[in-house]
Structure formats: structure tokens, C-alpha cells
Amino acid sequence: LDRLIGAVGGARQVEDVYPLSPLQQGILFHTAYEPRSTVYVETLSWRVRGKLAVDVFEHAWQHVVDRHSILRTAFIGEDLEAPLQVVLRQAKMPFELHDWCEMSPAQQKDRFAALQQADRERGFDLYRPPLMRLSVVRMATDEYRLIWTSHHVLFDGWSIPIILNEVLSAYDALKQRHRAELSPAAPYRDYIAWLQRQDVAKAE
């Protein structure tokens, strides 16, 4: 914990600290046991046709990171009896922009496949949230390819459309220079608290 606090600039940067869910503990264990494995690194890619305001798109992603505590969370387990997740007050979403308009379609295809593979193999440092990043590749004037990479310890598949819908809603609002009005987000701590109130013996 001291290492993390030092890395983020002091205890004032820490918003909350609480235990992991059982599923998160299992993912964290396997990640620590096989640090080079990419089994829990999730990658989604898709194509966007039309005009994309890249700077606004970046701000929309950051807006979603700002509003969800789990997306600003680091995971620590070394030298602890039980692992902890530590929520930071701020976490900058890694966002990369590439411009490949001058390449041929064949070159773009090969380069994109290489970028996907390299991004997946890069993995994540669990001490440095957010444990997700986005790469935007400009293929033509009105065509983009996107790569969204995240660590499975953050969320499950059911959460992906929720996050994407929030990003697109924020993008639409910010593009029109309006404030992004999204429903209040419940902190992940609420779920952990609910789990801790359950009767484990009854559940078994």
C-alpha cells in the first residue's frame, strides 16, 4: 500500500480502500501466478465510419472513468493477508491516436493486426489504474479503427454495453457542448458491502 500511495503522490489521492470480491481474488491470484499470461486481458475492436471528433471522444471516455470508482481502482496483494482494491480520486485514461491514412489497405491491415497483438501482450500494471486503454487509428478521412483493451478484474461482459452506451451518450452531449447528463453511478463498494452481508453457509 505504501508503494501505491507513493506512486500516486500521497494518501490524499486515495478515495477509498476495500476488499476484493471472490471472483476478483481469483483473477488477481492467476494474474500474479502467471504475470505474462494474457488470459484476463480483454480486447475489443470496431470500425467507425464518418466524422469522429477525436478530442471529444477522448473526453467522453475520461468522463466515464471519472464517474465509476472501479475504473479508477488499483489492486494490491503483495505482503498482505488479504488483497485490497484502492480507488484513486483521479486516473487518466490512456488514449493513443495513430494516423495511417497514407498507408495502403494491405499495410493498414498488417499494421493493425500487429498493434492489436502488441497491445494485448503489453498487459497492465495492477498498481496503475485505469486498467484499460484505447487506441484510435485513422484509416481514412472518414474511417477509424478502435482498440479497447481492459483487464477482466474490472468488469464482466454484461458491463461492456453499459460502458459503451455511457461513452456514446457523453460523446453526443459534449460534441454539442452540453454537459453529459448520466444517471448517478453506484460505487463498486456497494457491491462489496452487499457480498459481505451474505450468508456464505446458506449460499453453499
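At 37% relative accessibility, Tyr191 counts as partly exposed, and Trp194, at 42%, likewise counts as partly exposed. These values, like the others in this briefing, come from a predicted model. The points below take up the ring pair that these two residues form, then the other aromatic groups, the sheet with the helix lying across it, the surroundings of Gln108, and two backbone features.

**Aromatic pairs and cluster**

- A pair of aromatic rings is described by the distance of the centres and the angle of the planes.
- The count of aromatic pairs in this model comes to 7.
- The ring centres of Tyr191 and Trp194 lie 6.1 Å apart with their planes at 20 degrees, so this pair is stacked, planes under 30 degrees apart being the condition for that label.
- Tyr191 and Trp194 both belong to helix H6, which covers residues 188-196, and because they are 3 residues apart there, about one helical turn separates them.
- Trp148 and Phe155 form a tilted pair, with 5.9 Å from centre to centre and 35 degrees between the planes, and both Trp148 and Phe155 are buried.
- Trp148 and Phe155 also belong to one aromatic cluster, in which they are joined by Phe57, Trp61 and Tyr171.

**Charged groups over rings**

- The charged end of Arg133 is placed over the ring of Phe124, at 4.2 Å from the centre of that ring.
- Arg145 lies over the face of Phe112, where the distance to the ring centre is 4.0 Å.

**The sheet and helix H4**

- Four strands make up an open sheet in the order S2-S7-S6-S5, and the pairing within this sheet is mixed.
- Strand S2 (41-49) and strand S5 (95-99) stand at the edges with a single partner strand each, so one side of each is left without a neighbour in the sheet.
- On average, and with direction ignored, neighbouring strands of this sheet are turned by 15 degrees against each other.
- Strand S5 runs parallel to strand S6, which spans residues 132-140, and the two are joined by 5 bridges; His98 has Val137 of S6 as its bridge partner.
- Helix H4, made up of residues 105-122, lies across S2, S5, S6 and strand S7 (143-151), and the helix runs at about 15 degrees to S7.

**Gln108 and its surroundings**

- Gln108 is a residue of helix H4, and at 11% relative accessibility it counts as buried, because the cut-off for that class is under 20%.
- The side chain of Gln108 reaches the backbone oxygen of Met139 at 2.9 Å.
- When residues up to four places away in sequence are not counted, Gln108 touches Trp100, Cys101, Met103 and Met139.

**Backbone features in two loops**

- Most residues other than glycine have a negative phi, and most peptide bonds are trans.
- The peptide bond from Pro129 to Pro130 is cis, with omega near 0 degrees, and Pro130 is found in the loop between H4 and S6.
- Arg177 has a positive phi of about 60 degrees although it is not a glycine; its place is in the loop between helix H5 (159-175) and H6.
- Arg177 counts as exposed, since its relative accessibility is 79%.

Methods:
Residues numbered from 1 in each chain as written. Predicted model: local features only at pLDDT ≥ 70, side-chain atom pairs only at ≥ 80, totals over all residues. Heavy atoms only, no water. Pairing = 2+ DSSP bridges. Axes fitted to C-alpha atoms, helices over the stretch in contact; angles between N-to-C directions. Contact = heavy atoms within 4.5 Å. Phe/Tyr/Trp six-rings, centres within 6.5 Å; stacked < 30°, edge-to-face > 60°. Buried < 20%, exposed > 50% of the residue type's maximum accessible area, 1.4 Å probe, protein only. Lys NZ or Arg CZ within 6 Å of the ring centre and 35° of its normal. Polar contact = N/O pair within 3.5 Å; in protein donor to acceptor, adjacent residues only side chain to side chain.
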